Each structure stands twice: as C-alpha cells, then as structure tokens.
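User: I'm new to reading protein models. Could you help me see where some of the descriptive words come from?

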Amino acid sequence: CGELVCPEAASLLGLLHGKQWGKCLKVLVKVEEERMHVSGGRKACVSFISRFLLFFSLQTFEKLLIANRGEIACRVIKTCKKMGIRTVAIHSDVDANAVHVKMADEAVCVGPAPTSKSYLNMDAIMEVIKKTRAQAVHPGYGFLSENKEFARRLASEGVTFIGPDTHAIQAMGDKIESKLLAKNAKVNTIPGFDGVVKDADEAVRIAREIGYPVMIKASAGGGGKGMRIAWDDEETREGFRFSSQEAASSFGDDRLLIEKFIDNPRHIEIQVLADKHGNALWLNERECSIQRRNQKVVEEAPSTFLDPETRRAMGEQAVALAKAVKYSSAGTVEFLVDSSKNFYFLEMNTRLQVEHPVTECITGLDLVQEMIRVAKGYPLRHKQADIPINGWAVECRVYAEDPYKSFGLPSIGKLSQYQEPLHVPSVRVDSGIQQGSDISIYYDPMISKLITYGSNRAEALKRMEEALDNYVIRGVAHNISLLREVIVHPRFVQGDISTKFLPEVYPDGFKGHKLTDLERRELLATAASLYVAEQLRSQRFLGTARIPVAKSKRSSWELSVRLGDGIYPVAVSKDGSSFSPCLVSQQVEVDGMKLNVTSEWNLASPLLSVTVDGTQRTIQRLSRNASGDTNIQFLGTVYKLQILTKVAAELSKYMPEKAAEDTSSILRSPMPGAVVAVSVKPGDTVSEGQEICVIEAMKMQNSMIAAKTGKVKAVHCKAGDTVGEGDLLVELE
C-alpha cells in the first residue's frame, strides 16, 4: 500500500497479517488520536485505516478445512489465501505429497486410499476439525459435498458448512423430492415416475408405462455416476443393476428413479447464488452438452443457443426453485433443452460445480469467495442488473484417459513430465497435480480444468486450440487429442451440438485427427527436418564439430518416412549457404512438392515450434528409438512414424514382423481397476456378447463381454482383485 507513510501504519499491517485484532484496535485508536494533531503525510493513513476497518468488519473465518482433494481443494485454498483465511487440508495416505497438502497451512491424514476410509470417513474428518479448531468446512464437489448428515454433524459442533443448510441439501440432493418441489415452484419438469424404484421388475414396468427410451439414475447421484439410458426391457434390468451398484459405491444410497429420456437434447445449466436474507441471483448459463457416459467434457459460457428471453426464463425458474427451498450458497440448476428451446428441470446440484470457472470468467465473480461470505451471514453484494456477460469462456476437462477406448477409459501412472500452458494469453489452469504426481485407480482421473477466455467465442476457441497444443503431459494417456478435435470440429464451431455430439460425430469411436493431404505433407516435412536436426547435433561435441576422418560437405538427405500404411520418400536440403545444427531454414520435398521449413530446433524442449510454408505449428516429440521409430504429437493427435535413410529403408524389408496377438479367444482388461464380479468359471460355455466380468474404475462399473462364442478355458481373476490395463482376465478354448 503506497499510503503506509507512518510507523504505526506499518505496524498495523504486520498485526493484521498476524491476526492480532486487539493490538490492531489499539494502534488504530492511537493513529486516529495523532491524526487530529499532525498535518501532512499522516493524513494519508486515514484511507488505509478506513480500508482496514472495512476488512475487519467483513471478517469471515480464521481457519477453514477443505474436505476434498485435488484441483478443487487447491482452488478453495487460493481464495482462502486471498481472504486471509488459514486452511487445513485432509488427505489419504497415498495423497501425502499431493499439491493441495503442500498448499495448505496445515494437513492431516484421515485414512488409507479407498475413499470410504478417507475422504468419505466422516468420523475421521470430524476428529480433524476438532483437533485443528477449524471454524468452517468447504466440501468442494463430490465426496461429502451433498451429504446432509455431514452438514448436520458440522452444525451440531458449531462448525459452519460452506454450502446450503441440511433442508436444502435434503430437498435438492434427492432427485425424487427435488422434482416434486420443482413442480410446486412452477418449474418445467420431465415426465417420469416420482417414487423410488424397488427392483428390476418394477423398473421394467415403469419404463413401459413411461415409454422407451428412459433414463435410470441414482436419486442421490451426480457427475454421471449411477446413470444409464435404457431402450428396452433387457437394458432396463441391466441398467437398474449397474446404477444401483454405482450409486451405493459412490453415494452410499442405492435408490433409483426413472424418467423419460429426452432424445438429442442440449444440457444447459444456470448458476444461482443466494444468501440467508432471501436474496437470489442467476449468474447466466453454462453450455455442457459435450459429454461422454453422461459426464461433461467441454463446457462454455454463455451458450450459443439461448436468446435473451429463454435465458431470462430459465434464470427466473432457477431462482424460483432456490427460493422455494430457502437456498443459501452457490448452486446449479440443470436443464435439458430441446431443439425448440423448451427446457426441463433435470436436477439441482447443491454445491460448487466443476465447471464454475467459465462463469467466473464472464461475470468477474469469485464464486468460492461468495460462498464463504454467504456462509458467514453476509448479504449478496450484487443485484441481478449487475450481473454481466463479458466475453466468452471455454473449459476443457483434461483427463488421464485413453480417448480411443469408449471416448475415455482411465489411465494410471506417474506424470514423468508436466507443463501447463500458462504462457498462452488468457489461459487459466485449475489443477491439483505437478510433475511427479501419481494418477491412481482410487480417484477421479481428472488432471486439470483448462480454461480460455476471449472477447468472443472465436477468440476463446482459438486460444483453447493453442493452449492444448502447448500442454505437456507425459507418463499417462490423456484426452487432449479428443478435446482438440471437438473444439475445431465444424459442428461445434457453428454451435450445432447436443448431448449426442460425440457418438454422432464419431459413430465408430474416436480415431484421432484425420490428416488432410496438406497436413500430411506438413507432418512428413516436419518429422524429416527434426530427424536431420538430430543427426547434425549428434555430429557435434560440446558445441564444436567433431574432427571428421574425411571432410564432409553433405548438404542433402534422402529419407524414407513410414506414416500409417504409407511409405513416403522425403528429400531434405539446405536453404542457404550454411547448414547449422539449428537448421534455421531448409527445403523439404514431399510428394514432388517443395516445402520451406523454418525452426530453431531446441531438441531439449518438450515443445517444438516449426513453420512450414508460413504456417506455424507447435509439436511435441514424445519418443524415438534407434530403429527410426518416433512418436510426434501434431494437431493434438500422436502419430507413429518411422524415419530411415534410403539405404536403411531398403534393408528393412528383410526384417521379420511380429505377428499380432489373436484377441478373440482372450479377454484383457481395457483399463486399470478392481474386479467387482466374475460371471463365469472354467468349463462354462459363453455366447458372443455375454458378460464375463465387471471392472470398476474411478467408481464407474464396466461390463466385460465375450468377443465370440466358446468354452471358458481359464479364469485369471476373482472379485476383489486389482488389475492393470492389459492384464489377462479370461481365456477361451
């Protein structure tokens, strides 16, 4: 503060940071008394004192515990630091070195890795609250964030829950009760059964009455867990089984409801903010239609689809629902919107949403800060007319997943290299990991939330494209290739999206970027140029060329590059009078066409910038070996290439190729996880498509089926086993 021109004011600032409130007041009185007798510089202290008094009068909590982990725990800690609140982190034993643990002022272990014994262990968490004397708890999202019993126990101990009261959690957390309340509040609702479904037979009967397709989902659920779409009786029975098991595992509540599935809708949600004084606002919408397995992948704010009238109608209904349950905190009312802009209440999440950053970008509000203020009892600082839509924001959920398997099956491992694209303008990364962090089977596989902001949608999307190209993640599979393909797809760019976007655009599954002829030539030229740069570097020693036996005046290379099923002759020649190890400029001939390649190849950097015929690209070389094999990430997708000299390519045809494994008679785990059930034993006869076992990964259950009809030869797993990706589960004769 430039106004600290007296020793008393400097002393006051030190006491303020130390939270020594009594001494602060004594200094304030002294300064105020002296101000009346001294002119000049000391008068400048008055505005500082006024600001201090305002800060002091708006104090919230001295210490806050975050009952969560990962990126959301880090997100809450950042706001707490800004507000001068000390923080307490909880963690499982495997999270002892996690980023949120290092960021917090205090950290306490609450149990072993399984969530039921750590992050869902209410007794252990309550004990930590008592031990650390935390005055409030922020639950983040997931885990105990919508658990009314946890909120009740906190209230009984005089600890503030940063969220709504138990009544609102009960009413909105139970999808059955929330639907009835929404009807009474004149909110548009989806036709369906308003009671609890008892068993699979009743589920089939109800589904027939409503009419297929139907949505089966957990009453206490969220985040796509415990949710299945059924198109016939058989899928209803299977959906009931899996949904109830997932619901019990994730939320400790296996109750299910069934409602009409609205085909081809948009998923648009309204952010609400309410206080304890009857005030409530809607903070515009978020478009969340890009999903896989009912879990969001890409979100943006605002939506390209809504007009001001529909936005206002949705916002007013969301606020009406919040007021109907006397809601006080940040919450989200989710709607399904059909092609005619009819909207239907889906559910209300009584917590902070994963995708809240896009709302913060376009409104300028810190939602975590607002939640903390509301929990302390302060009224909202804004009116509805104050809430703007400034610019456009896009969020991509970066997961440790293999997008080529069902749009994303979990991957585990250690982040051997990690670099966030924070050097790109208007980029925000909410993460809870760092280089060296482990992605385990116990928790959600999210690596980070990547957010970009622009004055308009085109600008935000262009920055997202650049940010994805500059994001370095090594050691685990990730979904950056899928995210990049989505944001550049013509349908997405035009705003022509729905919750069926991924299966419609990729009916045979995601296969990566399909190169155009021009892009293929760019990749081949880039790969060849990189190969030559490395060859030249290998001829130098500590920056000085090795002494050759015979003087070499080599100025060109004839290469053979294999890409996919094609083999392409590529010629590289110098462009200029000298050929430095950096290969600043060169000509590469591909398909009879000459391309100018310019790059200051920094072979030690994970990010490589190259310009081909005036088009700048950022690529990543992920690996290489002595056989000429190299993996290059280009336009988001990883391409496998083999680069050989012309002579080596001629000789390679004599090398035997390894025969591919016959996978029709074996079943391997497509992901790391835990075996929930095994349905067969040796000697059983199975039919093609029959369930053999169930694997649970990151709380999602996946049915493994037989690829052909046959007899079971051996079973290599049992319920309770932990398996890795590629582990052999069952063999058929």
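Analyst: Happy to help; let's go through a few terms for this predicted model.

User: What makes β3 and β5 edge strands?

Analyst: Start with the strand order: this open sheet of 5 strands runs β3-β2-β1-β4-β5, with parallel pairing. Strands β3 (106–111) and β5 (160–161) each pair on one side only, and they are the edge strands.

User: How do you know that β1 and β2 pair?

Analyst: Two strands pair if there are at least two bridges between them. Strand β1 (residues 63–66) and strand β2 (residues 86–92) have 4 bridges, in the parallel sense, so they meet that cut-off. As an example to look for, Leu64 has Thr87 in β2 as its bridge partner.

User: Which strands does helix α6 lie across?

Analyst: Helix α6 (residues 122–132) lies across β1, β2, β3 and β4 (136–138). Its angle to β3 is about 155°. Angles over 145 degrees count as roughly antiparallel, so that label fits α6 and β3.

User: Why is α8 called roughly perpendicular to α9?

Analyst: The axes of helix α8 (residues 166–173) and helix α9 (residues 175–184) cross at roughly 95° and come within 5 Å. The range for roughly perpendicular is 65 to 115 degrees, so α8 earns that description relative to α9.

User: Which residues make that contact?

Analyst: From α8 there are Gln170, Ala171, Met172 and Gly173; from α9 there are Lys175, Glu177, Ser178 and Leu181. By class, the contact has 3 nonpolar, 3 polar and 2 charged residues.

Key
Residues numbered from 1 in each chain as written. Predicted model: local features only at pLDDT ≥ 70, side-chain atom pairs only at ≥ 80, totals over all residues. Heavy atoms only, no water. Helix = DSSP H or I, 4+ residues; strand = E, 2+ residues; numbered from the N terminus. Contact = heavy atoms within 4.5 Å. Axes fitted to C-alpha atoms, helices over the stretch in contact; angles between N-to-C directions. Parallel < 35°, antiparallel > 145°, perpendicular 65-115°, else oblique. Nonpolar A, V, L, I, M, F, W, Y, C, P; charged D, E, K, R; others polar.
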